[in-house]
Amino acid sequence: MNALEIDGVWKYFGDFPALRDVGFKVDAGSVVALLGRNGAGKTTLLRILAGLAKPSKGTVKIYGSEVREEPTRRRIGVLGHGISLYDELTATENLVLFGKLYGLNDAPKRAHQWLERTGLERVRDGLVREFSRGMRQRLAVARTFLHDPEVLLFDEPFTSLDDRAIAVLQSLIAEAQARGATIVMSTHQLREAIELSTHIALIKKGQLAYAGERRQEMLDDPTWLYRTYEGESAS
Amino acid sequence: MRNRILLLLTVAFAMLIAWNLKNILLGLPDEARQDAVYRILYFHAPAAIVGLTGFGIGMVFSGIYLATKNLYWDTLAASTTEVSLMLAAINLVTGSIWGRQQWGVWWAWDARLTSMLVCWLIFAGYLMMRRAVEEPNTRARLSAVISVFGTVNAWFVYKVIEWVPRLQHPGPVLSFRTGGKIDHQLETPFYWMVLAYMLLGVILVMIRNRQESISHEIDSLRRLAHA
Amino acid sequence: MKQDISRKGAELAKNEDVFFASSAPLRETFFSFLRQCLTIAAKDLRAEWRTKEALNASLAFSTVILILFSFALDPNPEMMQEFSGGLLWLVFLFAGALVLNRSFAREMQNDCLDALLASPVPPSGLFLGKVLANYALLMMLEFLCLVEFGLLFNVRWLGNVGPLMLVMALGTWALTVVGTVFSALTVNLRLREVMLPVLVYPMMVPPMMAAMILTTDLLAGTALGPGNMLWVRVLVGFDVIFTLLGVSLIDTVLVG
């Protein structure tokens with residue numbers, strides 16, 4: 001069974017097709033870099049994969065089940081543009097909250113572990129409101145990985161992360177991949193993305209221009225992909 | 001084809017209203033206590049009947065949109081609700097005029113008028129919300145929810161206000177359902193008027209619906225041009 | 001989880017009464033749903049209690065309204081008998097709008113709503129959790145308003161306090177349920193703070209009429225009896241129907 005199966009997905013905003021007949025399969029353990037210019041449809045696709053929006057046409061299946069089903073959502077971890085944390089709660093309270101929502105029986109213990117892993121142990125009882133940006137990012141990463149998801153969806157995760165947070169995230173991604181998780185990551189950071197990924201999906205104006213394995217040409221010259229498929233230099 | 005139907009309906013409506021008006025204005029006797037003005041009932045009550053039914057039909061169309069996700073049904077629901085809102089306004093205005101004639105006040109808090117006012121406010125909110133949302137699918141979704149809530153609520157409004165002891169028609173009411181002997185002559189124009197309002201409603205919904213569809217097409221063409 | 005539950009049910013069937021085994025999955029699902037609702041409710045209440053933003057604003061607003069009303073109306077005891085209930089519930093409505101607006105608005109900061117929707121919590125669970133939290137906040141607020149009201153307008157309410165609390169409980173539930181649905185609906189709209197009252201207030205006419213009539217009666221000393229039981233039934237009916245409507249339609253409102 002494929003980890004992700006996207007089949008004939010269209011998404012209309014009014015009459016405007018943000019996604020046009022997008023379909024591809026992702027094996028478990030892959031790291032897919034979702035590339036494309038701004039407005040190509042990457043965020044729209046990720047939101048559909050996360051179950052935050054419904055496709056106008058087509059289906060998305062994660063491990064064979066519909067995304068909106070509860071058991072499926074337990075297996076997914078999402079990191080979007082916002083940090084998705086409550087300013088008025090402490091770091092621990094935030095993680096325990098999401099732990100409970102994801103059905104973890106040992107939420108406080110797990111929260112404690114992840115606070116240590118992301119270097120936030122010292123500020124566990126601090127309100128998120130008072131955190132620096134880097135700390136908020138690291139806590140957001142902790143929240144995403146808290147329930148050991150098998151499928152991880154990232155929307156431009158490296159944007160606006162400080163170096164420490166980038167390092168934490170990269171190691172967590174590598175670790176997740178090692179345990180067989182599947183990762184789909186949209187990004188503008190070509191170099192980091194191509195280095196980390198096993199597969200590439202390029203979206204151009206809502207359509208899938210390329211979906212397949214990462215090729216050597218891409219490693220050697222990250223802009224090769226854009227030049228070949230978009231016919232111009234990367235944005 | 002559609003144009004032909006529209007034309008046919010308009011002709012039917014014109015003929016019906018002309019004939020009915022002639023009956024109402026010339027054929028009926030003046031009522032003892034209310035003089036000539038009681039004829040306003042023929043414009044007042046049918047508007048309420050058709051208007052309220054229209055809100056219900058709007059809810060049905062909204063339901064069909066939710067089931068099929070076809071935006072056509074949302075446009076139809078919006079057109080129907082708008083026209084019903086207009087009919088409700090007619091009911092309120094004619095009621096106010098009649099009240100002024102009969103009871104000397106422009107607005108007496110009687111049960112039926114108050115209920116209609118609340119319904120009008122609910123569905124005016126529906127239209128206001130539609131203006132605040134750009135994206136057609138979101139707008140359709142949210143409108144459908146308001147339509148369902150509003151229509152169920154309208155039922156409550158009518159029942160509850162009926163039971164409030166304070167809010168009664170302060171004067172005698174010409175009601176066909178309160179028994180008593182109603183002349184057959186007085187009753188028939190009423191039913192014809194209901195039919196006339198129904199025709200008017202359908203005509204206006206068709207026109208409004210076409211307006212909306214065309215404006216959607218223009219929007220999408222504009223988006224295509226920009227993209 | 002569905003597979004886990006049915007396996008568990010199968011295990012139970014070996015040891016226990018078949019009746020219990022077959023109802024175990026349903027009970028598990030129900031309790032897990034309840035736990036999720038309570039987690040959400042606790043989160044909202046904790047966040048609100050930390051800042052007390054909505055509570056303070058609502059309390060200040062309702063105090064000002066009560067004072068303004070007492071200047072504007074300058075009522076004598078006979079007048080108060082007539083419209084004490086109406087006045088009180090008007091204050092509850094105005095103050096409540098502030099709290100209800102915050103309900104989903106607070107989720108938009110930091111994109112928390114997305115994280116909640118992506119989580120295993122069903123939208124109906126999210127909705128009920130928020131309704132419970134808003135309900136607790138509103139009841140607290142209304143009790144304080146009632147105390148102020150009694151002081152400012154010289155109205156004695158302790159005599160009939162039991163039935164009065166019942167009426168407040170039923171009427172507030174109506175306001176909370178409808179208000180929370182529309183809080184979710186208006187969360188992304190322009191002019192959200194205006195749209196919420198514009199949409200909610202007309203829909204609150206039936207339960208508010210019932211609550212106002214009952215409250216006026218109770219504050220005047222009349223007990224709840226066959227004369228006004230009708231209004232209690234209206235409140236209960238409204239509460240049940242609109243809670244069901246809210247739970248079934250919240251998915252449409254939140255996910256699109």
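**Chain contacts and one buried helix**

In this predicted model, 23 residues of chain C are in contact with 27 residues of chain A. Chain C also meets chain B, where 26 residues of chain B are in contact with 22 residues of chain C. The points below take these two contacts in turn and then look at one helix of chain C.

**Chain C against chain A**

- On the side of chain C that touches chain A, helix H2 (18–51) and helix H5 (112–118) of chain C each supply at least two residues.
- The most is given by H2(C), which brings seven residues to the side of chain C that touches chain A.
- Sorted by character, the residues on this side of chain C are ten nonpolar, seven polar and six charged.

**Chain B against chain C**

- For the side of chain B that touches chain C, at least two residues each come from helix H4 (111–132) and helix H5 (136–163) of chain B.
- H5(B) gives the most to that side of chain B, with 16 residues.
- The residues on the side of chain B that touches chain C comprise 20 nonpolar, five polar and one charged.

**Helix H7 of chain C**

- Helix H7 of chain C, formed by residues 161–185, has 25 residues and reaches 35 Å from its first C-alpha to its last, which is close to the 36 Å expected at 1.5 Å a residue.
- Because 19 of the 25 residues of H7(C) are buried, this helix is largely enclosed by the rest of the structure.

Technical notes: Residues numbered from 1 in each chain as written. Chains lettered and ligands numbered in written order. Predicted model: local features only at pLDDT ≥ 70, side-chain atom pairs only at ≥ 80, totals over all residues. Contact = placed C-beta atoms within 7 Å. Helix = DSSP H or I, 4+ residues; strand = E, 2+ residues; numbered from the N terminus. Nonpolar A, V, L, I, M, F, W, Y, C, P; charged D, E, K, R; others polar. Expected span 1.5 Å × (residues − 1). Buried ≥ 20, exposed ≤ 12 C-beta atoms within 10 Å, placed from the backbone.
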